[in-house]
Amino acid sequence: TAVIVLGDSEPSATSLTHREMREQFNAATVSRVCRSCNQGWMNDLETVVRPVLTPLIDGLIGEVDGEVVQDLAAWIMKTCLMAELTHPESAGTPPEFYRWLYETRTPLPHTRIWAVPIEGPEWSLRMQHVGILYGDAATTDTGQPCNVHSTTIGLGGVAFCVMGATGPRPEFPPLEDIPPLQAVRLWPDPASFDWARNDPLD
């Protein structure tokens, strides 16, 4: 995790922080989530996406319906926000945006989410989260919370890449247009896609 301030030309890094989690991220618990949410809508979301998420992990799925893609994107967003709660120093999402997810069951505004087919052990069970303070280096108060976040979640045969901003917005790279990645954009504009056409990335 890192806090970075970007100027008009060259980026500069400040107050770098790093945290290695001892437990696997899928086994980590977040004590700040209330029981009614954990056992209510969040559990319901897990139930809805499991029939498509499990085959994605196992690399055994073909076409994914567009209606399910929105639920999958919401689950990925929820997982990213839970990761932020384990390390507040890198959090790039103010509390009010958590309510957005609760009320709409959709990813946050100004968020991009992709799925990338992968193979090999390096990313088979791994999460990397980066919080970024983005702004003009001459005027940005480096004591502010992060306002940009980037998270990658590796699960078996799929990696989910998430980029979002709650303040000044940088240009996010169109991962779906980078041929070696074979990335499928899940959000915004969720649509059906054929996962079988993609070749895994080492």
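Is Cys 161 buried or exposed? In this predicted model, Cys 161 comes out as buried, with a relative accessibility of 14%. Before returning to the cysteines, a look at the chain as a whole helps.

The fold mixes both kinds of secondary structure, with four helices and nine strands in the chain. Read from the N terminus, the order is β-β-α-α-β-α-α-β-β-β-β-β-β. So the chain opens with two strands and a pair of helices, then has a single strand followed by another two helices, and finishes on a run of strands.

Contacts in the chain reach well along the sequence: of those with a separation of 6 or more, 68% join residues 24 or more positions apart. The chain has 202 residues, and 41% of them count as buried. As for the surface, about 11,000 Å² is exposed, and carbon and sulfur atoms supply 50% of that area.

Back to the cysteines. Searching the whole structure turns up zero disulfides. Cys 80 is in none, its nearest cysteine sulfur being that of Cys 161, 9.8 Å away. The same goes for Cys 161, which is in no disulfide and has the sulfur of Cys 80 as its nearest, at 9.8 Å. A pair would need its sulfur atoms within 2.5 Å to count, so these two cysteines do not qualify. Cys 80 has a relative accessibility of 2% and therefore counts as buried. Cys 161, at 14%, also falls under the 20% cut-off, so this residue is classed as buried too.

Terms used
Residues are numbered from 1 along each chain as its sequence is written. This is a predicted model: local features need pLDDT of at least 70, side-chain atom pairs count only at pLDDT 80 or more; totals for chains, interfaces and linings use all residues. Side-chain values use heavy atoms; hydrogens and water are left out. Buried means under 20% relative accessible area, exposed over 50%, partly exposed in between (1.4 Å probe, protein chains only). Contact means heavy atoms within 4.5 Å. Accessible areas come from the Shrake-Rupley method with a 1.4 Å probe; for residues, only the protein chains shown count as cover.
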